[in-house]
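I pulled this model up to see how it is put together and where I should be careful with it. These are my notes, in the order I looked things up.

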Amino acid sequence: MENIEPRVYRQRLVIEGHFKVKSTSDSIKEYLTTLSQLLGMTIFAGPYCWPPDDRSHLEVPLVDLNGFIAWKESGCHVYAFSATSLFIADIYSCKPYDVKTVVGYTRKFIESDDLLYKEV
């Protein structure tokens with residue numbers, strides 16, 4: 001994508017991989033919180049996860065989970081699709097971060113054998 005405004009620093013990374021661990025609202029929140037700490041981001045909202053997992057509200061069927069955390073420097077949104085065990089993380093920041101750190105942490109956390117990523 002063409003950089004139409006070079007005066008604004010921005011870094012975006014999209015990660016996809018199949019997960020082997022059980023995906024719950026607690027695990028999504030743990031992923032987002034630890035990622036924030038690893039990258040030195042300042043959390044100002046979240047982490048959030050929806051819909052609630054099957055232990056939280058039995059009236060809401062567990063299908064897929066979405067999570068979000070807002071940083072002073074931007075944020076991260078994740079998706080966990082239960083039917084396919086697909087995990088997607090979209091990390092955006094106006095502060096530089098180390099891609100290898102994010103990819104390594106994500107691969108280990110979700111126990112993925114086929115993790116792919118791309119800087120956008």
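Below are my entries, going from the overall layout to single residues.

**Confidence first.** This is a predicted model, so I checked pLDDT before anything else. The protein chain has a mean pLDDT of 88, and 89% of its residues reach 70 or more. Among the elements, E3 has the lowest mean, at 90, and strand E6 (residues 116-119) has the highest, at 97. The stretch I marked in red is residues 56-62, where pLDDT stays under 50. For that stretch the model has 6 contacts beyond four places in sequence.

**Layout.** I listed 2 helices and 6 strands. Read from the N terminus, the order is β-α-β-β-β-β-α-β. Of the 120 residues, 38% count as buried. I also looked at contacts between residues at least 6 apart in sequence: 63% of them join residues at least 24 apart.

**Core.** Which residues touch the most other members of the largest nonpolar core? They are Tyr 31, Leu 35, Phe 87 and Ile 91, in a core of 27 residues. Strands E1 (11-18), E3 (64-71), E4 (74-81) and E5 (86-93) each supply at least two residues of this core, and so do H1 and helix H2 (99-110). The largest share comes from H2, with 6 residues.

I then followed Leu 35 outward. Leaving aside neighbours within four places in sequence, Leu 35 is in contact with Trp 71, Cys 76, Ile 91, Val 102 and Tyr 105.

**Helix H1, two positions.** Ser 36 caught my eye as a serine in helix H1 (residues 25-39). Is Ser 36 buried or exposed? Its relative accessible area is 1%, under the 20% cut-off, so Ser 36 counts as buried. Beyond four places in sequence, Ser 36 is in contact with Met 41, Ile 43, Ile 69 and Trp 71. Trp 71 is also on the contact list of Leu 35.

Ile 28 lies in H1 too. Ile 28 is buried, with a relative accessible area of 2%. Not counting residues up to four places away, Ile 28 touches Ser 23, Cys 49, Leu 65, Gly 67, Val 78, Ala 80 and Phe 87. I ran the distance to one of these: Ile 28 and Ala 80 are 52 residues apart in sequence, and their C-alpha atoms are 8.4 Å apart in space.

**Helix H2.** H2 has 12 residues and reaches 17 Å from its first C-alpha to its last. That is close to the 16 Å expected at 1.5 Å a residue. I wrote down the buried residues of H2: Val 99, Val 102, Val 103, Tyr 105, Thr 106, Phe 109 and Ile 110. Seen down the helix axis, these buried residues fall within an arc of 165°, so they line one face of H2. I reminded myself that an α-helix has 3.6 residues a turn, so residues three or four places apart point the same way.

What covers the buried residues of H2? The cover includes E1, H1, E5 and E6. On the face turned away from the buried side I found the exposed residues Lys 100 and Lys 108. Just after H2, Glu 111 takes a positive phi of about 55°.

**Cysteines.** How many disulfides does a search of the whole structure find? The search finds 0. A disulfide is a covalent bond between the sulfur atoms of two cysteines. I looked at burial for two of the cysteines. Cys 76 is buried, with a relative accessible area of 0%. Cys 94 counts as partly exposed, at 39%.

**Backbone oddities.** Where is the cis peptide bond I noted? It joins Gly 46 and Pro 47, with omega about 10°. Pro 47 is in strand E2 (residues 43-50).

I also flagged two serines for positive phi. Ser 74 has phi near 140° and sits in strand E4. Ser 74 is partly exposed, with a relative accessible area of 22%. Ser 85 has a positive phi of about 55° although it is not a glycine. Ser 85 is placed in the loop between E4 and E5, and it is partly exposed at 24%.

Key
Residues are numbered from 1 along each chain as its sequence is written. This is a predicted model: local features need pLDDT of at least 70, side-chain atom pairs count only at pLDDT 80 or more; totals for chains, interfaces and linings use all residues. Side-chain values use heavy atoms; hydrogens and water are left out. Helices (H or I, at least four residues) and strands (E, at least two) are DSSP runs, numbered from the N terminus. Buried means under 20% relative accessible area, exposed over 50%, partly exposed in between (1.4 Å probe, protein chains only). Contact means heavy atoms within 4.5 Å. A nonpolar core is a set of buried Ala, Val, Leu, Ile, Met, Phe, Trp, Tyr and Cys residues joined through side-chain atoms within 4.5 Å. pLDDT is the predictor's confidence in each residue, from 0 to 100. A disulfide is a pair of cysteine sulfur atoms within 2.5 Å. The expected span of a helix is 1.5 Å times one less than its number of residues. The arc is that of the directions from the helix axis to the C-beta atoms.
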